[in-house]
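Work through the exercises below with the sequence and the structure in view. Each task is followed by a solution in steps.

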Amino acid sequence: MDRIDAIALFSGGLDSILAARLLADQGLNVLCLHMTSPFFGDARQIPYWQNAYGLRIAQHDLGDAFVELLRQPAHGFGKTLNPCVDCKILLLQEAKKIMLAHGAKILATGEVIGQRPMSQRRDVLNTIMREADVKDCLLRPLSAQHLDVTPMEAAGLVDREKLLAIQGRGRQEQLALAQNRFHLAKIPSPSGGCKLTERENARRYWMVLEHSNDPKAKDFDLANTGRQFWLNVGETFYWLSMGRNSRDNDALRALRSEEDALITFPGIPSPVALARYGSQWPDEILKLAGQTTLSYAIKALANSSRASMNVSCQSSSRSFVVEANRQSGFSLPDWETIHTTLKARRRRQLAPENEYRNTSSE
Ligand code: SF4
């Protein structure tokens, strides 16, 4: 294995490219880490990035560790379902482990002081650094000259004079660096994109977080696929994912687990639907799922809105005749409903004494 001097977190955004290139320009051997999860990261881009930006990049999948964090983020959510502070702590903790495994001493990020409202404020940066236990190795090459001298700079492992003093939200300095110094042929957007910040995706994830028993990364892969529906009957929540096109249909087939059921309509062009744990669903719920699924194949039905559906489980398959019905009860809550629940929960968390008093007076 080559000698590695520095590990650099690499999102694919411009700041992460510049931070890694600044260190490589000093003659350091830099290994970039592209962290992935169901919510961010795209490992398919790595060959392109390596070629376009002259960097060595490895994928590191956070998988279930990120989902565990998402279930109860110690520092809460941002505007949507993005647990940014906890996320950054986890990313740094993971990167530090890899840094130590390589015998490297520098852990670099593309963070810029004052660029983002919360997670890049100086006090929050300090919290992240402390909780991730990276005080002795964290380097922010783009803002380094605004920050205290790090042990790596003091030891001469990195030349502080060649690091930068960028701060704030402006992009001019980064763009000038990309164009005039590093001559990047293509300049990407500031960050790689995170589905947790988008309301439409947050609606999908929230239901899994709230109503799935011990959710894992593979559950969120399913939540990312096709249309999403839930049905609540009594204490039970039923989860149905439906393909929008043949690519989704193939993905659903691939994501099916032993206890799931696959709903299809043989002989007519129609979506495939996956009933999570559908092998345990009562027939009447499966029929409601079939009604919903068929309602999205209505063009294929010509003059009839009834069709025979096949429910295929691991070891058995059954058929029912159902009628297309988009009002069968399967739906997805809107963001406002979810947001109200989140706000109420946050208020309760911020007032533990009140909660204690309420409980103890009962
Ligand atoms: S936006 Fe997403 S990827 Fe970025 S820090 Fe927040 S949770 Fe993590």
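**Exercise 1. Helices α1 and α7**

Determine the handedness of the crossing of α1 and α7 in this predicted model, and state which residues meet there.

Solution.
- Step 1. Helix α1 covers residues 14–25 and helix α7 covers residues 172–181; their axes come within 10 Å and cross at roughly 55 degrees.
- Step 2. An angle that is neither under 35 degrees, nor over 145, nor from 65 to 115 counts as oblique, so α1 is oblique to α7.
- Step 3. The crossing of α1 and α7 is left-handed.
- Step 4. From α1 come L14, D15, L18, L22 and D25, and they meet Q174, L175, L177, A178 and R181 of α7.
- Step 5. Sorted by class, the residues of this contact are six nonpolar, one polar and three charged.

**Exercise 2. Helices α3 and α4**

Describe how α3 and α4 are arranged and list the residues of their contact.

Solution.
- Step 1. The axes of α3 (residues 63–71) and α4 (residues 84–102) come within 10 Å, with a crossing angle of roughly 150 degrees.
- Step 2. Angles over 145 degrees count as roughly antiparallel, and therefore α3 is roughly antiparallel to α4.
- Step 3. The crossing of α3 and α4 is right-handed.
- Step 4. On the α3 side the contact is made by A65, F66 and L69, and on the α4 side by D86, C87 and L90.
- Step 5. Five nonpolar residues and one charged residue take part in the contact of α3 with α4, and no polar ones.

**Exercise 3. The parallel sheet**

Give the strand order of the five-stranded sheet and find its edges.

Solution.
- Step 1. The five strands form an open sheet with parallel pairing, in the order β3-β2-β1-β4-β5.
- Step 2. The edges are β3 (56–61) and β5 (138–139); each has a single partner strand, so one side of each lacks a neighbour in the sheet.
- Step 3. Helix α2 (residues 46–53) packs on this sheet and touches β2 and β3; the direction of α2 makes about 155 degrees with that of β3.
- Step 4. Between β2 (residues 30–36) and β3 there are six bridges, in the parallel sense.
- Step 5. Within this pairing, C32 has I57 in β3 as its bridge partner.

**Exercise 4. The antiparallel sheet**

Do the same for the six-stranded sheet, then name the helices listed here that pack on it.

Solution.
- Step 1. The order is β6-β7-β9-β8-β10-β11, the sheet is open, and the pairing is antiparallel.
- Step 2. Strands β6 and β11 (317–323) are the edge strands, each pairing on one side only.
- Step 3. With direction ignored, neighbouring strands of this sheet are turned by 25 degrees against each other on average.
- Step 4. Helix α8 (residues 199–211) packs on the sheet and touches β6 and β7, its direction making about 35 degrees with that of β6.
- Step 5. Helix α11 (residues 283–295) also packs on the sheet, touching β6, β7, β8, β9, β10 (306–312) and β11; its direction makes about 60 degrees with that of β11.
- Step 6. Strands β8 (residues 261–264) and β9 (residues 273–275) run antiparallel and are joined by three bridges. A261 has A275 in β9 as its bridge partner.

**Exercise 5. The hairpin of β6 and β7**

How many bridges join β6 to β7, and which residue of the hairpin takes a positive phi?

Solution.
- Step 1. Strand β6 (residues 227–233) and strand β7 (residues 236–242) run antiparallel and are joined by seven bridges.
- Step 2. In this pairing, W230 stands opposite W239 in β7.
- Step 3. Two residues lie between the strands of the hairpin, and G234 has a positive phi near 60 degrees.

**Exercise 6. The surroundings of V321**

Locate V321, and give its contacts beyond four places in sequence.

Solution.
- Step 1. V321 lies in strand β11.
- Step 2. Leaving aside neighbours within four places in sequence, V321 is in contact with R306, A307 and S308.
- Step 3. V321 and D136 are 185 residues apart along the chain, and their C-alpha atoms are separated by 66 Å.

**Exercise 7. Confidence**

Where does pLDDT stay under 50?

Solution.
- Step 1. The average pLDDT of the chain is 91, and 93% of the residues score at least 70.
- Step 2. Over residues 354–362 pLDDT stays under 50, and the model has one contact beyond four places in sequence for them.

Note on methods:
Residues are numbered from 1 along each chain as its sequence is written. This is a predicted model: local features need pLDDT of at least 70, side-chain atom pairs count only at pLDDT 80 or more; totals for chains, interfaces and linings use all residues. Side-chain values use heavy atoms; hydrogens and water are left out. Two strands pair if DSSP finds at least two bridges between them. Contact means heavy atoms within 4.5 Å. Axes are lines fitted to C-alpha atoms, for helices over the stretch in contact, and angles run from 0 to 180 degrees between N-to-C directions. pLDDT is the predictor's confidence in each residue, from 0 to 100. A crossing is left-handed if the near helix is turned anticlockwise from the far one by less than a right angle, and right-handed if clockwise. Ala, Val, Leu, Ile, Met, Phe, Trp, Tyr, Cys and Pro count as nonpolar, Asp, Glu, Lys and Arg as charged, and the others, Gly among them, as polar.
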